[in-house]
Every structure is written in structure tokens, then in C-alpha cells.
Amino acid sequence: MSEIVPLLREFLTKEQLAAELGRNPRTLDRWDALGTGPPLTLVGRKVLYRQTSVRKWLAAQERSSAA
């Protein structure tokens with residue numbers, strides 16, 4: 001018998017991602033409005049973030065320190 005895998009298991013809610021980043025959920029709203037935040041998926045009015053996309057976005061934020 002095959003195991004049922006939850007469809008949304010690789011997604012985070014806005015609140016979950018905000019907690020992971022140590023930010024307020026409204027900050028994610030602002031980043032989205034500015035086009036600077038991680039890619040998101042809308043399911044109706046529900047905002048979800050794919051974990052792999054968030055990891056790629058975080059890696060793209062990396063930069064050398066200004067010396």
C-alpha cells in the first residue's frame with residue numbers, strides 16, 4: 001500500500017516563514033510589494049512559500065562584506 005504524501009508539505013505559510021526569518025509577517029508583505037522578497041504561491045488568498053524557492057532566494061541575498 002502506498003503512503004499518502006501531503007501535497008503542501010514543502011510549503012511554509014507567511015507566519016511560518018516570518019518566524020524562521022525572525023521578521024514580522026508584514027515585512028514579507030512589504031518585500032512582496034517591493035519585489036524583493038522570496039517567490040510566493042497564492043492559493044486563493046492564502047500565501048505560501050516553497051521551501052526550495054526560499055532557500056534559493058536566501059542564497060541570492062548572500063554578498064561579500066564591505067571592507
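Which side chains meet in a salt bridge at 2.6 Å, N to O? They are those of Asp29 and Lys14. Keep that pair in mind while we look around this predicted model.

**The overall layout**

Let's start with the whole chain. Its secondary structure comes to three helices and three strands, and reading along the sequence gives the pattern β-α-α-β-β-α. With 67 residues, the globule rule gives 11 Å, but the radius of gyration is 14 Å, so the chain is more spread out than a compact globule. You can see this in the C-alpha trace too, which spans about 60 × 25 × 20 Å along its principal axes.

How confident is the predictor? The mean pLDDT of the chain is 93, and 97% of the residues reach 70 or more. Among the elements, H1 has the highest mean, 98, while strand S2 (residues 41–43) has the lowest, 96.

**The core**

Buried residues make up 25% of the chain. The largest nonpolar core has nine residues, among them Leu17, Leu28, Trp31, Tyr49 and Trp57. Helix H1 (14–21), helix H2 (25–34), strand S3 (46–50) and helix H3 (51–60) each give two or more residues to this core.

Leu28 is a nice one to click on. Beyond its neighbours within four places in sequence, Leu28 is in contact with Lys14, Leu17, Ala18, Leu21 and Tyr49.

**Back to the salt bridges**

A search of the whole structure finds two salt bridges. Side chains of opposite charge can pair when their charged atoms come close. Here are both pairs:

| Salt bridge | Closest N to O | Apart in sequence |
|---|---|---|
| Asp29 and Lys14 | 2.6 Å | 15 residues |
| Arg50 and Glu10 | 3.4 Å | 40 residues |

In the pair we opened with, Asp29 lies in helix H2 and Lys14 in helix H1. Is Lys14 buried or exposed? Lys14 counts as buried because its relative accessible area of 16% is under the 20% cut-off. Asp29, at 36% relative accessibility, is partly exposed. Lys14 also has other company: leaving aside neighbours within four places in sequence, its contacts include Pro25, Leu28, Val47 and Tyr49.

The other pair links Arg50 in strand S3 to Glu10, in the segment before strand S1 (11–13). Arg50 is partly exposed at 32% relative accessible area, and Glu10 is partly exposed at 33%.

**The outside**

Finally, the surface: the accessible area of the chain comes to about 5600 Å², and carbon and sulfur atoms account for 51% of that.

Key
Residues numbered from 1 in each chain as written. Predicted model: local features only at pLDDT ≥ 70, side-chain atom pairs only at ≥ 80, totals over all residues. Heavy atoms only, no water. Core = buried A, V, L, I, M, F, W, Y, C linked by side-chain atoms within 4.5 Å. Buried < 20%, exposed > 50% of the residue type's maximum accessible area, 1.4 Å probe, protein only. Helix = DSSP H or I, 4+ residues; strand = E, 2+ residues; numbered from the N terminus. Contact = heavy atoms within 4.5 Å. pLDDT = per-residue confidence, 0-100. Rg over C-alpha atoms; globule rule 2.2 N^0.38 Å. Areas by Shrake-Rupley, 256 points an atom, 1.4 Å probe, with all protein chains shown as cover. Salt bridge = Lys/Arg side-chain N within 4 Å of Asp/Glu carboxyl O.
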